[in-house]
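Biologist: I am new to this structure and would like to go through it by question and answer. Please show it first.

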Amino acid sequence: MPARPVIPASANLLAAWRADPHSGDAGQMAQLLATPQAGLDACLKEQHTPAILDLHFGAGLAFLTSWRRFEQMREQGGAQRLHYVAIQPHPCTVEQLLTLHANWQGLAPYAAQLRAAWPLLLSGTHRLLLDEGRVTLTLVFGPLDEELARLEAPCDLFYLHGRQQDFDVAASDWNPHACKRLARLAWTGARALVFDGAATAGAMRQVGFSGEALPGALALYYAPAWTRPPSHVAAADTPLRRQSSHARHALVIGAGLAGCAIGERLAARGWRIDLVEAGDGPATQASGNHGGLFMPALARDDSPLARLTRAAFLFAARHWERLGGVGTAADAAIAGERCGILQFGRDARQAQSFEQGARDWNYPPDYARWMDAEQARALLGMPVMGGGYFFPQAGWLNPPSVCRRLLAVAQQGGALATHFGRQVAALRRDGEHWQALDQAGQIIAQAPVVILAAGAQARVLAQSASLPLNTVRGQVTHLPAQGFPEVPVALCGDGYLTRPYAGQVCMGASYDRDDGAGLRISSHAENLRRLRNMLPGIGERYAMPDAETAELQGRVGFRCIAPDRLPLVGALPDMDAAAALAPTRLDAVPRHTGLYGLLGYASRGLIWAPVMAELLAAILEREPLPLPRDLLAALDPARFVGKADVETAAADD
């Protein structure tokens with residue numbers, strides 16, 4: 001179901017959380033979680049990266065207490081990373097968190113970090129990296145029943161409340177059907193701590209949980225006596241210790257935004273990376289433009305694209321800050337500005353749709369707000385084509401600087417080897433490894449996992465040649481910044497305009513269905529037309545060049561695009577095997593062992609790259625995923641197998 005606007009926690013809900021010891025009493029929570037039967041200590045000892053699902057998050061009492069215990073045990077050789085997932089129908093504001101946290105002085109350092117990272121109250125999944133990346137908090141804002149059905153998060157420990165309807169009247173009680181959704185996520189040997197859970201024992205027992213009563217809670221252990229269906233997280237005989245299904249060594253093909261981002265995300269998890277790139281360094285192809293925008297896409301119906309770009313944009317904005325921040329100074333980690341973007345409607349009809357969508361969704365003003373034509377004119381100081389959305393936290397980046405920063409961070413652990421100037425002509429499977437071969441048949445590098453992140457180059461490799469990927473030519477025009485009108489924000493509409501950087505402003509880009517690599521006058525002229533369309537009065541402020549005579553500078557790149565304009569992320573389908581089987585479900589499509597894709601980023605690489613890398617890294621590590629099941633299906637590289645005949649897997653019923 002599409003997301004809906006988030007309704008923050010009410011005064012009555014805050015009072016209910018305060019009155020409940022399992023969301024308001026820090027001393028009682030610490031005492032409960034310290035008991036061996038609660039399962040937290042065992043979870044932190046047994047797993048390298050345990051995952052906890054909390055369905056009674058409130059202001060984060062159980063999370064903060066678990067985080068503190070994780071830190072204590074990590075220093076003693078326990079789990080080195082922690083995943084924590086929470087679904088919140090009515091999340092707190094930062095101000096409400098501050099009020100509730102004031103009573104938990106022993107948790108103050110952790111609570112301060114949580115508040116500093118707290119996301120905007122927007123529906124969907126928010127992935128937060130805390131404690132220098134050692135703690136991953138995935139917050140899902142939305143209806144509990146719906147979001148639980150869509151969740152992809154193999155879990156080792158559950159925190160539940162037996163009377164959840166006291167805190168969310170829209171939630172189901174813990175009947176066997178609702179408990180089945182938990183069992184779908186439970187890793188073999190998982191534990192559950194049910195606060196005030198005596199009434200839930202029968203339903204939990206029916207789906208494979210059993211255990212004992214503690215003061216104020218029910219401590220359960222998941223060990224079903226029956227064989228689990230393939231759609232579940234793990235079969236009954238899966239070992240308790242959950243490890244990656246591959247050795248932590250990947251061969252990444254392509255050093256653009258996609259390849260550099262997955263290198264950084266895997267290196268953060270302790271992987272060894274061989275990065276192979278045909279160019280003489282990173283960002284030599286489509287990721288080499290002087291400037292590009294990073295912003296979400298909005299839709300009145302909150303389409304999959306809108307939901308995906310919302311999650312991607314919010315994760316990317318936080319990630320750039322984690323990597324050192326964005327700026328135009330010479331020593332900035334990433335070159336660019338979070339100056340805000342004004343997105344015009346392409347025409348009057350789209351502008352009207354934008355305005356209506358802004359009223360319907362009532363977005364937080366720090367995320368998106370509508371500006372009418374007069375407000376836009378006042379902002380820019382010149383006539384404009386009309387009204388549009390203003391994204392105050394969006395901006396422009398220099399993609400090569402992003403790639404360089406990603407690689408620098410990945411290399412800090414010494415686990416990244418680069419192979420520049422090497423063109424991969426073929427992939428060959430040899431035992432447990434994939435080998436990347438050059439045109440002479442020589443091995444460039446080999447690893448048990450290969451990740452194709454080189455855009456359209458995937459079409460020249462036999463294993464991915466059948467993927468429906470196309471290239472679209474994009475020419476960008478560079479204009480001298482000197483004399484160009486001062487525009488305080490970046491612009492987007494029928495084209496885009498960055499602010500000045502390194503003496504140039506960047507505008508474009510053309511959308512050409514040919515493979516001409518050279519600059520052409522007609523594309524420059526089209527870009528200038530787009531600029532005049534967005535800013536019809538610019539000719540009064542700036543001597544617009546003539547594309548025919550000005551010898552304009554620019555750059556040509558080739559976007560890699562799928563038919564539905566969404567990325568291809570995940571295990572690549574074995575098209576020959578699929579043709580023989582004619583599968584009708586995504587989970588039945590045969591896959592190439594150890595072969596994955598990060599492809600089809602089109603014009604949105606700056607927001608797709610971080611979250612899609614995080615998604616693929618989580619898939620490889622068997623971690624909770626940063627997107628819900630329906631959006632995972634929308635990204636699955638196998639979604640084109642059988643075309644319309646392929647159906648996504650049912651939720652869980």
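The turns below take up helix packing, the nonpolar cores and some single residues.

Biologist: What kind of model is this, and how are residues numbered?

Modeller: This is a predicted model, in which local features need pLDDT of at least 70, side-chain atom pairs count only at pLDDT 80 or more, and totals for chains, interfaces and linings use all residues. Side-chain values use heavy atoms, with hydrogens and water left out, and residues are numbered from 1 along each chain as its sequence is written.

Biologist: Are H11 and H15 roughly parallel or roughly antiparallel?

Modeller: Helices here are DSSP runs (H or I, at least four residues) and strands are E runs of at least two, numbered from the N terminus. The axes of H11 (residues 257-267) and H15 (residues 399-411) come within 8 Å and cross at roughly 25°. Axes are lines fitted to C-alpha atoms, for helices over the stretch in contact, and angles run from 0 to 180 degrees between N-to-C directions. Angles under 35 degrees count as roughly parallel, over 145 as roughly antiparallel, 65 to 115 as roughly perpendicular and the rest as oblique, so H11 and H15 are roughly parallel.

Biologist: How many nonpolar residues does the contact of H11 with H15 have?

Modeller: Contact means heavy atoms within 4.5 Å. Residues of H11 including Leu 257, Cys 260 and Ala 261 meet residues of H15, among them Val 402, Cys 403 and Leu 406. Ala, Val, Leu, Ile, Met, Phe, Trp, Tyr, Cys and Pro count as nonpolar, Asp, Glu, Lys and Arg as charged, and the others, Gly among them, as polar. By class there are one polar, one charged and, as the number asked for, 11 nonpolar residues.

Biologist: Which term describes the angle between H11 and H18?

Modeller: The axes of H11 and H18 are 8 Å apart, and the helices pack at an angle of about 40°. By that angle, the two are therefore oblique.

Biologist: Which helix gives the most to the largest nonpolar core?

Modeller: A nonpolar core is a set of buried Ala, Val, Leu, Ile, Met, Phe, Trp, Tyr and Cys residues joined through side-chain atoms within 4.5 Å. Buried means under 20% relative accessible area, exposed over 50%, and partly exposed in between (1.4 Å probe, protein chains only). The largest core has 83 residues, and those with the most contacts inside it include Ile 262, Leu 266 and Ile 451. With 12 residues, the helix that gives the most to this core is H18.

Biologist: How many residues are in the other core?

Modeller: Ala 9, Leu 32, Phe 70 and Leu 193 are among its members. This core lies apart from the largest one, and its size is 52 residues.

Biologist: Is Ser 401 buried or exposed?

Modeller: Ser 401 is placed in helix H15. Beyond four places in sequence, Ser 401 touches Ala 333, Ile 334 and Ala 335. Its relative accessible area is 6%, so Ser 401 is buried.

Biologist: What is the relative accessibility of His 478?

Modeller: His 478 is found in strand S23 (residues 470-480). Leaving aside neighbours within four places in sequence, its contacts include His 290, Gln 504 and Arg 555. His 478 counts as buried because its relative accessibility is 11%.

Biologist: How far apart in space are Ser 245 and Glu 621?

Modeller: Ser 245 lies in the loop between strand S8 (217-222) and strand S9 (249-253), and is partly exposed, at 46%. In sequence, Ser 245 and Glu 621 are 376 residues apart. In space, C-alpha to C-alpha, they are apart by 7.5 Å.
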